[in-house]
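The following paragraphs are meant to be read with the coordinates open beside them. Please follow each element in the viewer as it is named.

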Amino acid sequence: MRLSTSGKGLIGVDITSATVKLLELKQLDTNYQVQSYAVRPLKEGAVVERRIRDINDVARVLRAAVEHAKPTTRKAAVAVPASAAITRTLTYPASLGEEDIEARIIEEYDRHVPFPFNEVAFDFQRLGLVPGDDTLQQVILVACRQRDVSQLTDTLIQAGLEPAAVDVETFAVERSFGELRRQIDLAEASQSNIALVDLGATMNAFHVLDKGRIIYSRDTVYGGRQLTDNIRERYELTNEEAGLAKKRGGLPEDYEKSVLDPFIDTVVQQVGRSLQLYYTAGRKRRVEHLVLAGGSSVIPGLAERIAQENDLTVTQANPFQRMKLRSRINVKGLTSDAPAMLTACGLAMKVSQ
């Protein structure tokens, strides 16, 4: 089965361990306009490490997000986690067209994908000619288990949406990173690679990008939910109370020293460790700029500590900085949610493809 492709007018739907995020973009020449968006929390355990465990609850929350956002289309794109996808760059004669390439991939399937053919969804894209050899072309192949695709598309259907595209999270992040890169000094960006740290609820994703493409990734099972749990345990609060206190403040005087600082220390250590492993892997081009993303990236003092400890320039991710906003968009809310919207934004950007 080929992965589906998108048409014009698309909603990006990002389903994480903590939230469902919905974003609709409209193409405006070389820019975009935010048409609608919504973020809704999920109950704990509904999604575990990016895998849906309770499809009915996720569909219910997504349906509520759709009702709130009131998008102008029902066509939606979702993404499988990078850990669930296999990506291969293949080389074929430049003379082969789309149908010939698909036939060759199927013929050589066992060489590239370890899953049984009848259990797989796959797609490919022609990348252009091999540098220095115009007789060959490069093709990127992406494959994942059909059950992962079906689970996501079934969730969309239950929520009243029409599945139009299934992507891979890393591709969506690369797409939205194109907007972030425009906010970084181009002279600086051309001299070094750029790191992206996405600090979510349960996962800390570290990527290094070269000319907008991810060349190194490392995931750590540690995120903002750990801080919420620490608040809950220390001050004997419910999960909901701890989550609100983390965002709004009002905790006892010892909070910063006893709870917040140790959490920041751990995140900073993990970022430093990821940088060390990147260089240990033989990467020679240095990282001098880091973009901090994810729902927990806005914690006061975190960006400053990462910059200080690693001698980097650190900026906060906001893929909407250059975009136009539809008049009914809650600007304050979107600005607050922006660091956590990279995947949803990248998915919605498929509207132009």
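Both Tyr216 and Tyr278 are buried, where buried means under 20% relative accessible area, with exposed over 50% and partly exposed in between, for a 1.4 Å probe and protein chains only. This is a predicted model, in which local features need pLDDT of at least 70 and side-chain atom pairs count only at pLDDT 80 or more, while totals for chains, interfaces and linings use all residues. Residues are numbered from 1 along each chain as its sequence is written, and side-chain values use heavy atoms, with hydrogens and water left out.

The structure holds five aromatic pairs, a pair being rings of Phe, Tyr and Trp (its six-membered ring) with centres within 6.5 Å, called stacked if the planes are under 30 degrees apart, edge-to-face if over 60 and tilted for the rest. One of them joins Phe206 and Tyr216 edge-to-face, at 6.2 Å centre to centre and 80 degrees between the planes. This pair links strand 12 (residues 204-210), which holds Phe206, to strand 13 (residues 213-220), which holds Tyr216, the two being ten residues apart; helices (H or I, at least four residues) and strands (E, at least two) are DSSP runs numbered from the N terminus. Phe206 is buried, as is Tyr216. Tyr216 also pairs edge-to-face with Tyr278, at 5.6 Å centre to centre and 65 degrees between the planes, and this contact reaches from strand 13 to helix 9 (residues 255-280), 62 residues apart. Together with Tyr279, the residues Phe206, Tyr216 and Tyr278 form one aromatic cluster.

A second region to follow is the largest nonpolar core, a set of buried Ala, Val, Leu, Ile, Met, Phe, Trp, Tyr and Cys residues joined through side-chain atoms within 4.5 Å. Of its 32 residues, Val13, Ile15, Val58, Leu62 and Leu161 touch the most other members. Among the elements that each supply at least two residues are strand 1 (10-15), helix 1 (55-69) and helix 4, and helix 1 gives the most, with six residues.

Helix 4 (residues 146-158) has 13 residues and should span 18 Å at 1.5 Å a residue, because the expected span is 1.5 Å times one less than the number of residues; its end C-alpha atoms are 18 Å apart, which agrees. Its buried residues include Val149, Leu152 and Leu156, and the helix is followed by Gly160, whose phi is positive, near 85 degrees.
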